[in-house]
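Let's take a friendly look at how this chain packs its interior and at two backbone angles that deserve a second glance. Have the sequence and the model open as you read.

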Amino acid sequence: MIILENNNYKIPSFENEKLEKTIISNSIEDTKELGLSIGKIIHNGDSILLSGDLGAGKTELVRSIVEGSGNDSFVRSPTFVLINNYSGEKNITHCDFYRIDLEDQVEEIGIEEYYENSTVIIEWAEKIINNTKEDSILIKIHFTEIDNQRKFMLYSTGYYSKKFIEKIK
């Protein structure tokens with residue numbers, strides 16, 4: 001796994017996002033290593049927003065985060081059920097909003113209620129931009145020109161998320 005610090009490449013989507021770190025994954029093992037690292041440092045109230053094309057590795061990253069947190073739950077994409085909860089030493093709420101058409105639908109779900117007792121990880125976060133925590137970790141996953149390689153761009157949206165990203169090794 002290669003870590004590129006403070007890459008200047010930025011895709012605008014969140015008003016206050018700041019690119020903190022770029023990580024190149026050359027394999028599923030590299031992606032797992034990143035997820036395990038994140039899983040070790042998560043806490044209740046954390047918000048991790050994932051964005052990337054279909055097949056980019058969002059759910060695979062979530063699997064590794066759950067494993068890294070010490071939770072042995074089986075992780076599957078909640079595309080059709082929207083939300084899966086994984087209870088353990090660190091509770092994780094895993095949301096997939098690929099099938100959400102309107103932000104009003106997210107308000108009906110009441111996603112903000114989950115933050116108090118779990119880390120909330122949201123796939124397809126760009127679909128609910130106005131219903132996310134103000135200070136969130138934003139991870140944008142890009143395909144590269146090299147087969148099986150992904151570029152993980154980690155953005156902060158506030159002080160806490162900046163400090164969180166600094167801890168990722």
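Buried means under 20% relative accessible area, exposed over 50%, and partly exposed in between, with a 1.4 Å probe and protein chains only. This is a predicted model, in which local features need pLDDT of at least 70 and side-chain atom pairs count only at pLDDT 80 or more, while totals for chains, interfaces and linings use all residues. Residues are numbered from 1 along each chain as its sequence is written, and side-chain values use heavy atoms, with hydrogens and water left out.

Let's begin with two loop residues. Most residues other than glycine have a negative phi. Trp-124 and Asn-148 appear in the table with their positive values.

| Residue | Phi | Loop | Relative accessibility |
|---|---|---|---|
| Trp-124 | about 65 degrees | between S6 (119–123) and S7 | 10%, buried |
| Asn-148 | near 65 degrees | between S7 and S8 | 59%, exposed |

Strands here are DSSP runs (E, at least two residues), as are helices (H or I, at least four), numbered from the N terminus.

Now for the interior. A nonpolar core is a set of buried Ala, Val, Leu, Ile, Met, Phe, Trp, Tyr and Cys residues joined through side-chain atoms within 4.5 Å. The largest one has 24 residues, and Ile-38, Ile-48, Ile-139, Phe-152 and Ile-168 touch the most other members. Among the elements giving two or more residues to this core are helix H1 (28–41), strand S7 (137–143) and strand S8 (150–156). Helix H2 gives the most, with four residues.

Ile-48 has contacts (heavy atoms within 4.5 Å) with residues including Ile-38, Val-120 and Ile-139, not counting residues up to four places away in sequence. A second, separate core of 16 residues includes Phe-14, Phe-97, Leu-138 and Tyr-155.
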